[in-house]
Amino acid sequence: MDNCIFCKIAAKQIPAQIIYEDDDLLAFNDINPAAPIHFLIVPKKHLATLADCNASDTALLGKISLLAPKLAKELGCGYSVDTNGAPQGGFKTLFNTGPDGGQEVYHLHMHVIGGPRPWRRSLA
């Protein structure tokens with residue numbers, strides 16, 4: 001897409017604080033973070049919304065979902081269970097879809113949000 005900011009970031013036409021990249025995905029820090037840790041995972045393939053995905057995108061969506069906890073852990077907000085079995089840490093994942101879903105950039109992206117609460121602003 002010619003005017004898609006995330007396509008331009010993936011093409012290295014616009015700078016971003018990239019934290020992960022492979023052949024299919026790019027992850028970078030959000031420019032307006034809602035929490036101490038807030039990054040986006042975007043496919044390099046342009047898909048406007050989650051609603052535009054179909055069965056051929058299953059592997060890509062799975063890859064996004066598996067990358068989120070890996071990067072969250074590396075950045076200090078991973079989920080774990082302590083030796084007593086108590087859960088600790090954690091993060092939120094979020095896809096905004098369409099105008100009523102709060103989507104601002106029409107290129108599929110997962111927000112990964114974590115860090116100690118309370119966060120500066122709330123994301124549903």
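This passage walks through the annotated histidine, the nonpolar cores, the aromatic pair and the salt bridges of a predicted model.

A good place to begin is H109, which the unreviewed UniProt entry lists under "active site". H109 sits in the loop between β6 (91–94) and β7 (110–114). Although it belongs to a loop, H109 counts as buried, because its relative accessibility is 7% and the cut-off for burial is under 20%. Leaving aside neighbours within four places in sequence, H109 is in contact with F6, L40, I41, V42, L94 and F95. The side chain of H109 also reaches the backbone oxygen of H107, at 2.6 Å.

A second histidine joins the picture here. H111 lies in strand β7, and its side chain makes a polar contact with the side chain of H109 at 3.5 Å. With a relative accessible area of 10%, H111 is buried, as is H109 at 7%. Beyond its neighbours within four places in sequence, H111 is in contact with D30, H38, F39, L40, K92, T93, L94 and N96. L40 and L94 appear in this list and also among the contacts of H109.

Attention now turns to the nonpolar interior. In soluble globular proteins, nonpolar side chains tend to be buried together. In this model, the largest nonpolar core has 17 residues, and L25, F39, I41, I64, L71, M110 and V112 touch the most other members. Four elements, β2, β3, α2 and β7, each supply at least two residues of this core. The largest share comes from helix α2, with six residues. I64 gives a view of how the surroundings of one core member are arranged: not counting residues up to four places away in sequence, I64 touches L25, I41, P43, F95, L108 and M110. Of these contacts, L25, I41 and M110 are also listed among the core members that touch the most others. A second, separate core holds nine residues, including F6, C7, A10 and V42. Both F6 and V42 are contacts of H109, and I41 from the largest core is another contact of that histidine.

F6 has a further role to note in the aromatic inventory. A search of the whole structure finds one aromatic pair. Its partners are F6 and F28, which meet edge-to-face with 5.5 Å between centres and 70 degrees between the planes. The pair links distant parts of the chain, with F6 in helix α1 (residues 5–10) and F28 in strand β2 (residues 25–29), 22 residues apart. F6 is buried at 6% relative accessibility, and F28 is buried at 4%.

The charged side chains come next. Side chains of opposite charge can pair when their charged atoms come close. The model contains six salt bridges, three of which are described here. K45 forms a salt bridge with D57, the closest N and O atoms being 2.7 Å apart. Both residues lie in the loop between β3 and α2, 12 residues apart in the chain. How exposed is each partner, K45 and D57? K45 is partly exposed at 44% relative accessibility, whereas D57 is buried, with a relative accessible area of 2%. Apart from neighbours within four places in sequence, D57 is in contact with K45, L47 and D52.

The bridge between D22 and K63 has its closest N and O atoms 3.0 Å apart. This pair also links distant parts of the chain: D22 is in the loop between β1 (18–21) and β2, K63 is in helix α2, and the two are 41 residues apart. D22 counts as buried at 16% relative accessibility, while K63 is partly exposed at 30%. Helix α2 therefore takes part in this bridge through K63, its relative accessible area of 30% placing that residue in the partly exposed class.

Finally, the side chains of K12 and E21 meet in a salt bridge with an N to O distance of 2.7 Å. Here K12 is partly exposed at 47% relative accessibility, and E21 is partly exposed at 37%. Salt bridges that share partners join K12, E21 and K44 into one network.

Key: Residues are numbered from 1 along each chain as its sequence is written. This is a predicted model: local features need pLDDT of at least 70, side-chain atom pairs count only at pLDDT 80 or more; totals for chains, interfaces and linings use all residues. Side-chain values use heavy atoms; hydrogens and water are left out. Buried means under 20% relative accessible area, exposed over 50%, partly exposed in between (1.4 Å probe, protein chains only). Contact means heavy atoms within 4.5 Å. Rings of Phe, Tyr and Trp (its six-membered ring) pair if their centres lie within 6.5 Å; planes under 30 degrees apart count as stacked, over 60 as edge-to-face and the rest as tilted. UniProt positions are given in the numbering used here, feature names are shortened, and annotations may be inferred rather than shown by experiment. A polar contact is a pair of N or O atoms within 3.5 Å; within protein, one must be able to donate a hydrogen and the other to accept it, and residues adjacent in sequence count only if both atoms are side-chain atoms. A nonpolar core is a set of buried Ala, Val, Leu, Ile, Met, Phe, Trp, Tyr and Cys residues joined through side-chain atoms within 4.5 Å. A salt bridge is a side-chain nitrogen of Lys or Arg within 4 Å of a carboxyl oxygen of Asp or Glu.
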